[in-house]
Amino acid sequence: MKTQLLIPAAGMGTRLGAGGPKALVDLAGRPMLVRTLEQLAPLGLTAQAVILAPAGHVADFEAVLASHFAADAPTVIEGGAERQESVARGLDRLDPDTDIVAIHDAARPFVHPDTVQAAIDAAARYGAATVAIPSADTILVADPEDFLIETPDRSRLWACQTPQVFQVAVLREAHAQARESGYLGTDDATLACRTGHRVKLVPGTALNFKITTPADLALACCVVEKGLASCA
Ligand code: C5P
């Protein structure tokens, strides 16, 4: 089955205080997006990948990727104002004969290729899969004034990660239905679930964390400098 990678990288890193596209922020000597793609390189999907860049930054992304990947540089297109819109645009740019799409955030540079492969296998079998980790923390639900109202049973709570992998037809249906109903989510597996599709949870690892804050970036630099990325 033909698989393509779709990398949402159109975030501007407001919470990181980056002052520019988060995916191009330096992570121990290389742009974050380059590290993410290098981590995924064993899958052999880089050249056909579709990268979503912030509006006005497509050329910057193309220049960075050309200098690191030469002939294997992926395609860069303009993302949307929300992550969901960025993914929808990427979905429109997949090759017509692609069966499986693996969506992986540029902001998670330490995913293990074996984890991605496990999610691809699960999506081929079940239609949709997402990487996630069982919650180690007790999760609290608060009211709008930050008072505790509910503590869900931790044994059934998972923290969502990426990749999220889909048979292309499943993801197209999920996005079409979200658009029609005006639903805006923060991930794609939820859209597929809302459409009635089963989504298999595939265990990830703690090192597949998302770089959001300056503390996350500092931690990510330590991971690279201590050579821990391959342990992800
Ligand atoms: O906003 P958050 O940090 O959760 O973003 C997760 C991923 O989605 C990041 O890789 C970010 O670049 C991407 N994103 C996007 N388009 C947006 C917002 C975020 O591709 N409009």
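Which element gives the most to the lining of the second largest pocket? I looked this up first, working from a predicted model. Helix H6 is that element, and it contributes three residues.

**Entry 1, second largest pocket.** I recorded a volume of about 190 Å³ for this pocket. Strand E7 (128-134), strand E10 and helix H6 (189-194) are the elements that each give two or more residues to its lining. I listed the lining residues as Thr130, Ala132, Trp158, Cys160, Asp187, Ala189, Thr190, Cys193, Val199 and Leu201. Sorted by class, the lining holds seven nonpolar, two polar and one charged residues.

**Entry 2, largest pocket.** I then turned to the largest pocket, which encloses about 810 Å³ of space. It is lined by 32 residues, and those closest to its centre are Gly11, Arg15, Lys22, Arg83 and Lys210. I noted that helix H3 (83-92) and strand E10 (158-167) each supply at least two lining residues. E10 gives the most here, with three residues. The class count for this lining is 13 nonpolar, 11 polar and eight charged residues.

**Entry 3, helix H4.** I next examined helix H4, which runs over residues 113-126 and has 14 residues. From its first C-alpha to its last it reaches 20 Å, close to the 20 Å expected at 1.5 Å a residue. I asked which residues of H4 are buried. They are Pro113, Thr115, Val116, Ala119, Ile120, Ala122 and Ala123. For the spacing of such positions I kept a general point in mind: an α-helix has 3.6 residues a turn, so residues three or four places apart point the same way. I also looked up what covers the buried residues of H4, and the cover includes strand E1 (3-8), helix H1 (32-40), strand E6 (100-103), E7, E10 and strand E11 (200-203). Just after H4, I found Gly127 with a positive phi of about 105°.

**Entry 4, Asp72.** Last, I located Asp72 in the loop between helix H2 (58-69) and strand E5 (75-78). Is Asp72 buried, exposed or partly exposed? Its relative accessible area is 44%, so I entered Asp72 as partly exposed. With neighbours within four places in sequence left aside, Asp72 is in contact with Thr46 and Ala47. I also took the separation of Asp72 from Ser181, which lies 109 residues away along the chain, and their C-alpha atoms are 38 Å apart.

Conventions: Residues numbered from 1 in each chain as written. Predicted model: local features only at pLDDT ≥ 70, side-chain atom pairs only at ≥ 80, totals over all residues. Heavy atoms only, no water. Buried < 20%, exposed > 50% of the residue type's maximum accessible area, 1.4 Å probe, protein only. Contact = heavy atoms within 4.5 Å. 1 Å grid on protein atoms, 1.4 Å probe; cavity = no way out; pocket = protein on both sides within 12 Å on 5 of 7 lines; lining within 4 Å. Points joined across faces, edges and corners; volume = space filled by probe spheres on them. Nonpolar A, V, L, I, M, F, W, Y, C, P; charged D, E, K, R; others polar. Expected span 1.5 Å × (residues − 1).
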